[in-house]
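Got the viewer open? Load the model, switch to cartoon, and keep the selection box handy.

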Amino acid sequence: MSGIFTIPPYEKKIYIFIDDIIDTGKTLLNAAETCQPISQMHIYATHGLLSQHSSFIKLNNQFKSITVTDTLQQPNIAPKVRVISCWEPFLKAIKGVCAV
């Protein structure tokens, strides 16, 4: 995993990480280490499994915000975690297909 993330030495302002699923958070933590000392790092993921509590704590400390969808129940949400609904866009798309 080491060395797969390279960050240009310019424009180090805000970094946004987009992933399909966060399970252990290892990939995102490795990417964040490469970006240090950037203070503006944000995560957006479709599915937030967040299966390892210790990794979740590290993610919460490392990133300014973590945004996941409501495809999975999020029982213990930290203040930095935002859960957004994905159902409305899906329902809209389905209604559009059915109306044709």
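Here is a walk through the fold, one helix, the core and the aromatic pairs.

**Start with the whole chain.** Keep in mind that this is a predicted model. Colour by secondary structure and you'll find three helices and four strands. Trace them from the N terminus and the order reads β-α-β-α-β-β-α. Now switch on the surface: it comes to about 6900 Å², and carbon and sulfur atoms account for 59% of that. Of the 100 residues in the protein, 30% are buried. If you like contact maps, take the contacts with a separation of 6 or more: 50% of them join residues 24 or more positions apart.

**Select helix H2, residues 53-62.** Which residues of H2 are buried? Show side chains for Ser 55, Phe 56, Leu 59 and Asn 60, and you have them. Look down the axis: these residues span an arc of only 140 degrees, so they sit on the same side of H2. Now turn to the face pointing away from that buried side, where Lys 58 and Asn 61 are exposed.

What covers the buried residues of H2? Bring up strand E1 (15-22), helix H1 (26-35), strand E2 (41-48), strand E3 (65-69) and strand E4 (81-84), which are all part of the cover.

**Next, the core.** The largest nonpolar core has 20 residues, so pick out the ones that touch the most other members: Phe 17, Ile 22, Met 41, Leu 59, Phe 63 and Ile 66. Two or more residues come from each of E1, H1, E2, H2 and E3. H1 gives the largest share, with five residues. As background, nonpolar side chains in soluble globular proteins tend to be buried together.

Leu 59 is worth a second look here, as it turned up among the buried residues of H2 and is also one of the core members with the most partners.

Then centre on Met 41 and show its surroundings. Leaving out residues up to four places away in sequence, Met 41 touches Tyr 15, Phe 17, Ala 32, Cys 35, Gln 36, Gln 62, Phe 63, Lys 64 and Ser 65. Phe 17 and Phe 63 are in that list, and they are your next stop.

**Now the rings.** How many aromatic pairs are there? The count is two. Select Phe 17 and Phe 63 for an edge-to-face pair, with 5.4 Å centre to centre and 90 degrees between the planes. This pair links distant parts of the chain: Phe 17 belongs to strand E1 and Phe 63 to the loop between H2 and E3, 46 residues apart. Both rings belong to buried residues, with Phe 17 at 12% relative accessibility and Phe 63 at 1%.

For the other pair, select Trp 87 and Phe 90. Their ring centres are 6.4 Å apart and the planes meet at 45 degrees, so this pair counts as tilted. Both residues lie in helix H3 (residues 87-98), three residues apart, about one turn of the helix. Buried or exposed? Partly exposed in each case: Trp 87 has a relative accessible area of 46%, and Phe 90 has 48%.

**Last stop, the cysteines.** Select Cys 86 and Cys 98. Cys 86 is buried, at 10% relative accessible area, whereas Cys 98 is exposed, at 62%. Don't go hunting for disulfides, though: the count is zero.

Methods
Residues numbered from 1 in each chain as written. Predicted model: local features only at pLDDT ≥ 70, side-chain atom pairs only at ≥ 80, totals over all residues. Heavy atoms only, no water. Buried < 20%, exposed > 50% of the residue type's maximum accessible area, 1.4 Å probe, protein only. Arc of directions from axis to C-beta. Contact = heavy atoms within 4.5 Å. Disulfide = S-S within 2.5 Å. Areas by Shrake-Rupley, 256 points an atom, 1.4 Å probe, with all protein chains shown as cover. Core = buried A, V, L, I, M, F, W, Y, C linked by side-chain atoms within 4.5 Å. Phe/Tyr/Trp six-rings, centres within 6.5 Å; stacked < 30°, edge-to-face > 60°.
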